[in-house]
Amino acid sequence: MLRSRFGWRLGSRLVCALLWCVLDLSACRRFGSEDGETVGRINSARCFSRCLTLHITQLTSTFQHLQSDEVLGWCENHRRCSQCLQPCKELWETRKALSHKLCEKHHECVTSAEFLLSLQSQKQGDCPAPQRATGFAAACVESCSSDRECSASKKCCSNGCGHTCQPPANLFKGVPLKPRKDMTFIEDQYGQLEVAWMSKFNVSIEPVLYILQRRWNDGIHPSEDDASTWYTVLMTMEERAVLKDIRPQRWYQFRVSAVNSQGTRGFTTPSKHFFSTRDPLPPETPQKARVENETVHADGSVSVLLRWDPPAEGDLVVDRYKVTWSARGGLAGGPNGKESGRVTDGTLTEMQLGGLQPDTRYTVQIQAVSFSGQKRLKSGRAQLSFTTAAAAAASTGSSPPSREFSNELPISRSSPSVLRLEAAAPHYHDNQLQVKVFWKSRVSESQKASSSYLLSWYPEVCGGNVTKREKMATVQGTHFIITGLLFACKYKVAVMPLSEHGHRAGAVTSVTTPHCSTLKGRGKKLVSCAREERHLQVKKALQRPEKLSAVFQTVNGSVEGLFSWQVSEASPGQTPITGFQFSWIKVSSISSAVDQSPDTLISQSLNLAPGQLSLRVERLQPESVYKVQVQVLSETGSGPSVARMLHTPQLNATLL
């Protein structure tokens, strides 16, 4: 009998411990995944709700419905309520808690700041009774001193003889229920999106605030793996929000959390994807065009460094900048009125203009260019006028080389102090990419060994997204081995002599490092090449698909589409095309503003032979909007693409 009772007690303890583990795991999943920024937003909303609750009597007598943003407006205009809101707003806007010393002894402000401080040290819920502690939680040890030292939602609680991290009791006492997971989206003709949700019946007597977050990804398909991190859009007391910054060509997801002063139950599951059908707008005009580092060369020509600020973020990423310049008056026989132009990558905001005439007025125009599928969108032109220096201003010195990128062709610009700077071919040695550079100087042979030079190198442009930093070295002699170079980058290398008077004029050249994959298979033990690393000329190495068109007809009660496209003319040296990837996805139905069916996002892709320039697709849905894309494939991966938004016709109709 004793053994049986002991076995029953042991079994019950195991069951209790198992139950606590399950509860703790669920709490972990609910609260452990939120980052610090989101936790700060939730604490700020709890602070807002507390201030409104303190004035609930006045609110209920003034407003028929408390769940309205007009309630927040009333509080901000009420003296005592606005003082209470001050620390809450400070935390929301700056993400930093307001010290009660800055409240100027206003009681409401001080108590609100103290409430926020308590939220930082005390987690949601209550400590369980000490006798309920089991397992390690019942050990007589001091394993924690505050809730912040415990993981997930656990709290630092007493067990009668010590303090341990324990799952909380009454975790959701007085906390509002989560809103329903279904959201509705309505987009108007101006691109403004109304996001609406519905709350379940709540037992909360306190005002509830909603925190709306979103994330998005580019591409023809929605993807949670490639999506951005969750971003807090706004806080509201209503069950809807109107967003004016929704951009086309993006897949959006939303989630919402209901919060009062007692806490929250977390965010809803991510909504279905929303894709805006609005046509993208052209990029805005580049800003603050300016000329820097003007240099008059020995042959009388002038070079300047042109810089500008990128336009404000728009619907599309800037693909390239088009720069044109022309002379408007100057020396006799000069190129008066002749316009020149060059294009630079959209990630760069400067360009070196060389071969300019001295004492001549030039007008420069800068234009941003983006692509929406095959369609080219151009910004307005930023214009700048300047006059080059006179030839008499030529000197043996020139300004130090810029640390920023210049897309001038890789030549060596030398001065009387340093005749020429050259670089050998980059090579892989000692598990790193390196290159030897050497230069010639006018100093005598006896002085070369003791001469000092300042050598600097800087990645002007790289195939992948890297942090670009200039590095320097002081060199004795006329050669140096640069180590630790990045793959698929174009480096600018500069050298200048050092003297008692400081830096003097030097020479500049460029070094282009090879793609990582080109060194594989040569007996080198290389680390794996980065997935996003690509050659600098990849954009120009493939032909571009263009003129995507469609013909629709009804067949057996459904719509059938014949899609065709062309390919740009081939040029020598281009990488051959190995095929096409044809993708189509239904975005929405024309007959309704929002398709509420969860099965609307039906996407398919097919890989086609390089000679196939058309495809017939069956069973398309009538009166619907489809996004269709054709992308070039090659041995180097995916290449340029063309995409269109197409509307399928009604049954028994034909649309070209």
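This report describes a helix, a sheet, some disulfides and some ring contacts in a predicted model.

**Helix α2**

Helix α2 covers residues 36–54, which makes 19 residues. From its first C-alpha to its last, α2 reaches 27 Å, close to the 27 Å expected at 1.5 Å a residue. Helix α2 is mostly covered, since 14 of its 19 residues are buried. One residue of this helix, C47, takes part in a disulfide that is described below.

**An open sheet of three strands**

Three strands form an open sheet, and their order is β11-β12-β15. The pairing in this sheet is antiparallel. Strand β11 (287–296) and strand β15 (350–356) stand at the edges. Each of these two has a single partner strand, so one side of each is left without a neighbour in the sheet. On average, and with direction ignored, neighbouring strands of this sheet are turned by 20° against each other.

The contact between β12 and β15 can be described further. Strand β12 spans residues 302–309, and five bridges join β12 to β15. These two strands run antiparallel. V302 stands opposite L356, which is in β15.

**Disulfides**

A search of the whole structure finds eight disulfides. Among them are the links of C47 with C88, C144 with C156, and C150 with C165. The table gives their sulfur distances and the torsions about the S-S bond.

| Pair | S to S distance | Torsion about S-S | Handedness |
|---|---|---|---|
| C47 and C88 | 1.9 Å | about -55° | left-handed |
| C144 and C156 | 2.1 Å | 95° | right-handed |
| C150 and C165 | 2.0 Å | about -80° | left-handed |

Which parts of the chain does the disulfide of C47 and C88 tie together? C47 lies in helix α2 and C88 lies in helix α5 (residues 79–94), so this disulfide ties together parts that are 41 residues apart in sequence. C47 counts as buried because its relative accessibility is 0%, and buried means under 20%. C88 also has 0% relative accessibility, so C88 counts as buried.

The disulfide of C144 and C156 also links distant parts of the chain. C144 is in the loop between α6 (107–121) and β1 (155–158), while C156 is in strand β1. The two cysteines are 12 residues apart. Both C144 and C156 are buried.

C150 lies in the loop between α6 and β1 as well, and C165 lies in strand β2 (residues 163–166), so their disulfide ties together parts that are 15 residues apart in sequence. Is each of these cysteines buried or partly exposed? C150 has a relative accessibility of 6%, so C150 counts as buried. C165 has a relative accessible area of 22% and is partly exposed.

**Aromatic pairs**

The whole structure holds 15 aromatic pairs, according to a search. One of them is formed by F552 and F563, with 5.9 Å from centre to centre and 85° between the planes. This pair is edge-to-face. F552 belongs to strand β28 (residues 545–555) and F563 to strand β29 (residues 558–567). The two residues are 11 residues apart, and their pair links distant parts of the chain. F552 and F563 are both buried.

F563 also pairs with F582. The ring centres of F563 and F582 are 5.4 Å apart and the planes are at 55°, so this pair is tilted. F563 is in strand β29 and F582 in strand β30 (residues 579–589), 19 residues apart. F582 is buried, and so is F563.

Which residues do ring pairs link into a cluster? They are F552, F563, W565, F580, F582 and W584.

**Charged ends over rings**

Two contacts between an arginine and a ring complete the account. The charged end of R41 sits over the ring of W92, at 4.5 Å from the ring centre. The charged end of R255 sits over the ring of F267, at 4.3 Å from the ring centre.

Technical notes: Residues are numbered from 1 along each chain as its sequence is written. This is a predicted model: local features need pLDDT of at least 70, side-chain atom pairs count only at pLDDT 80 or more; totals for chains, interfaces and linings use all residues. Side-chain values use heavy atoms; hydrogens and water are left out. Helices (H or I, at least four residues) and strands (E, at least two) are DSSP runs, numbered from the N terminus. The expected span of a helix is 1.5 Å times one less than its number of residues. Buried means under 20% relative accessible area, exposed over 50%, partly exposed in between (1.4 Å probe, protein chains only). Two strands pair if DSSP finds at least two bridges between them. Axes are lines fitted to C-alpha atoms, for helices over the stretch in contact, and angles run from 0 to 180 degrees between N-to-C directions. A disulfide is a pair of cysteine sulfur atoms within 2.5 Å. Rings of Phe, Tyr and Trp (its six-membered ring) pair if their centres lie within 6.5 Å; planes under 30 degrees apart count as stacked, over 60 as edge-to-face and the rest as tilted. A charge sits over a ring if NZ of Lys or CZ of Arg is within 6 Å of the ring centre and within 35 degrees of the ring normal.
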